[in-house]
Amino acid sequence: MTTPMNDLILSVLSEHGRLPVSPESLGESDDLYAAGMTSHASISVMLGLEDAFDVEFPDRMLTREVFSSIASIRAALNELAAAA
Amino acid sequence: MASAMDVPQATGSQGEFRDKLVAEGLLIPSSVAGVTGQGPAFVDLRQRLDARISKLVADEGAVAMEFPPIEPRHDMESVGYLTSFPQLAGSVFAFHGEDAEALALGEQAHAHQDWSGHLQSAGIVMVPAACHPVYPALARQQVPPDGITIDTGPAWVFRHEPSDDPSRLVAFHMRELVRAGPADTVGAWRDAWRDRALQFLQSLGLPAVFDEANDPFFGRSGKVLARSQRAQKLKFEILVPVGGDHPTAVASFNAHGDHFASVFGLGPVHTACLGFGMERCVLALLFTHGTDVSQWPADVLAELS
């Protein structure tokens with residue numbers, strides 16, 4: 001599914017995720033850690049998403065799970081957008 | 001999370017304990033918090049504890065490797081330490097200038113002004129954990145197929161977290177065992193040592209317990225790392241009361257997955273380590289049994305004889 005939000009998530013993953021595969025090749029529920037994203041890369045993704053979407057993840061979202069798949073990232077961003 | 005500029009204050013009972021240790025010559029304070037010397041009775045206890053740990057680990061068949069308290073800056077950069085713990089890192093800077101600048105530096109230093117602008121990185125950092133120099137050293141040899149254990153001995157390590165708490169030193173001894181081996185074996189190795197170490201510390205009369213733990217990763221993004229570490233049960237600590245509101249970690253047991261192995265090209269192995277904070281173990285003994293060692297329980301003294 002190509003939407004502006006998904007495109008931006010993929011672009012952040014591509015820039016910060018240090019994945020050995022292209023993020024476009026992943027299913028949206030695929031485990032990004034299993035795909036090769038390290039813990040350090042995940043915090044780079046987190047800061048990259050905050051920059052790209054101009055949001056700040058609240059404390060409860062600073063978990064491994066939130067950054068574990070494209071779908072979970074989108075769900076967190078949607079929740080923030082709904083609350084805004 | 002405290003900012004890097006905060007110097008955590010000791011709790012009342014930590015302060016009392018510190019003052020008692022200083023008054024009795026066990027610890028030797030300096031003008032900087034956390035930069036603390038050790039008097040003869042403290043040194044004696046630390047050395048006896050170290051000898052006892054040598055007996056404890058004798059059947060492990062560990063290979064001894066000792067390193068200075070400094071390591072190549074490049075190695076610290078490679079493992080991501082400055083992403084995880086920029087607030088704890090210590091870096092060595094040195095003077096590379098000419099006569100005129102040396103004179104200016106000397107004058108500023110003599111006046112206790114800021115002379116750091118005259119320095120440049122020496123390419124060296126302070127070792128923050130005794131196991132860190134082991135991984136690049138293992139890359140220079142072949143890790144045997146069934147794995148290898150390294151004993152670092154009581155190595156000096158550095159963490160910039162100045163505090164009045166006598167258990168939180170900027171430089172202290174950490175004795176580590178480091179295991180590199182097949183992925184499906186290092187977890188069990190770590191857990192077995194956690195249980196052995198717990199039993200050992202309890203045999204010294206310490207009210208020791210173990211718990212899941214996380215490292216003090218820096219900042220908001222560090223919360224992701226800390227929670228991730230906990231969720232994956234990568235770190236255990238053995239905790240003993242040492243005067244604070246919460247028990248203090250005196251030993252830790254860490255699984256690294258393939259992190260260090262992939263950074264340094266150790267082959268298809270995982271790594272794990274365990275470390276005893278030597279000063280904290282001694283402080284836990286002094287807090288539990290009192291500062292007059294001659295009055296300690298006979299079985300504890302026998303263990304440390």
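1. Two strands are taken to pair if DSSP finds at least two bridges between them, and that is the sense in which a bridge partner is named here: in strand S6 of chain B, the bridge partner of Pro72(B) is Ile124(B). The model discussed in this note is a predicted one, and the points below go through the sheets of chain B, the helices of chain A and the contact between the chains.

2. The sheet that holds this bridge is an open one of three strands in chain B, in the order S4-S6-S5, with antiparallel pairing. Strand S4 (70–72) and strand S5 (91–95) of chain B stand at its edges, and each has a single partner strand, so one side of each is left without a neighbour in the sheet. On average, and with direction ignored, neighbouring strands of this sheet are turned by 55° against each other.

3. The pairing in that sheet can be followed residue by residue. S4(B) is joined to strand S6 (residues 119–126) of chain B by three bridges in the antiparallel sense, and besides the bridge of Pro72(B) to Ile124(B), there is one in which Glu71(B) has Val125(B) of S6(B) as its partner. On the other side of the sheet order, S5(B) and S6(B) also pair in the antiparallel sense, over five bridges, and Phe95(B) has Leu119(B) in S6(B) as its bridge partner.

4. Chain B has a further open sheet, built of seven strands in the order S3-S7-S8-S12-S11-S10-S9, and here the pairing is mixed. Its edges are strand S3 (63–64) and strand S9 (209–212) of chain B, each with a single partner strand, so one side of each has no neighbour in the sheet. Within the sheet, strand S8 (residues 171–181) and strand S12 (residues 270–277) of chain B run antiparallel and are joined by eight bridges, and Glu176(B) stands opposite Gly275(B) in S12(B).

5. Which helices lie across strands of the seven-stranded sheet? Helix H7 (residues 183–203) of chain B lies across S7, S8, S9, S10, S11 and S12 of chain B, and runs at about 15° to S12(B). Helix H10 (residues 278–289) of chain B lies across S8, S10, S11 and S12 of chain B, and runs at about 40° to S12(B).

6. Arg280(B) is a residue of helix H10 of chain B, and its surroundings bring together parts of the chain that are separated in sequence. Arg280(B) and Arg168(B) are 112 residues apart in sequence, while their C-alpha atoms are 8.3 Å apart in space. If neighbours within four places in sequence are left aside, Arg280(B) is in contact with Ser167(B), Arg168(B), Thr248(B), Ala249(B) and Val250(B).

7. Turning to chain A, the axes of helix H1 (residues 4–16) and helix H2 (residues 39–53) come within 9 Å and cross at roughly 140°; the two helices are therefore oblique to each other, and their crossing is right-handed. The residues that make this contact include Leu8(A), Val12(A) and His16(A) of H1(A), and Val45(A), Gly48(A) and Phe53(A) of H2(A). By class, the contact has ten nonpolar, three polar and no charged residues.

8. Helix H1(A) also packs with helix H3 (residues 70–83) of chain A, their axes coming within 11 Å and crossing at roughly 120°; H1(A) and H3(A) are therefore oblique to each other, and this crossing, too, is right-handed. Met5(A), Asn6(A), Ile9(A), Leu10(A) and Leu13(A) in H1(A) meet Ile70(A), Ile73(A), Arg74(A), Leu77(A) and Asn78(A) in H3(A). Sorted by class, these are seven nonpolar, two polar and one charged residues.

9. How much area do chain B and chain A bury between them? The amount is about 1200 Å², with 57% of it on carbon and sulfur atoms, and twelve residues of chain B are in contact with 15 residues of chain A. On the chain B side, Arg220(B), Val224(B) and Arg227(B) lose the most area to chain A, together 48% of what that side buries.

10. A helix pair spans the two chains: the axes of H2(A) and helix H8 (residues 219–231) of chain B come within 9 Å and cross at roughly 140°, which makes H2(A) oblique to H8(B), and the crossing is right-handed. Among the residues making this contact are Ile43(A), Met46(A), Leu47(A) and Glu50(A) of H2(A), together with Arg220(B), Val224(B) and Leu225(B) of H8(B). By class, the contact has five nonpolar, five polar and two charged residues.

Notes. Residues are numbered from 1 along each chain as its sequence is written. Chains are lettered from A and ligands numbered from 1 in the order in which they are written. This is a predicted model: local features need pLDDT of at least 70, side-chain atom pairs count only at pLDDT 80 or more; totals for chains, interfaces and linings use all residues. Side-chain values use heavy atoms; hydrogens and water are left out. Axes are lines fitted to C-alpha atoms, for helices over the stretch in contact, and angles run from 0 to 180 degrees between N-to-C directions. Helices (H or I, at least four residues) and strands (E, at least two) are DSSP runs, numbered from the N terminus. Angles under 35 degrees count as roughly parallel, over 145 as roughly antiparallel, 65 to 115 as roughly perpendicular and the rest as oblique. A crossing is left-handed if the near helix is turned anticlockwise from the far one by less than a right angle, and right-handed if clockwise. Contact means heavy atoms within 4.5 Å. Ala, Val, Leu, Ile, Met, Phe, Trp, Tyr, Cys and Pro count as nonpolar, Asp, Glu, Lys and Arg as charged, and the others, Gly among them, as polar. Buried area is the accessible area (1.4 Å probe) that two parts lose on being put together, summed over both.
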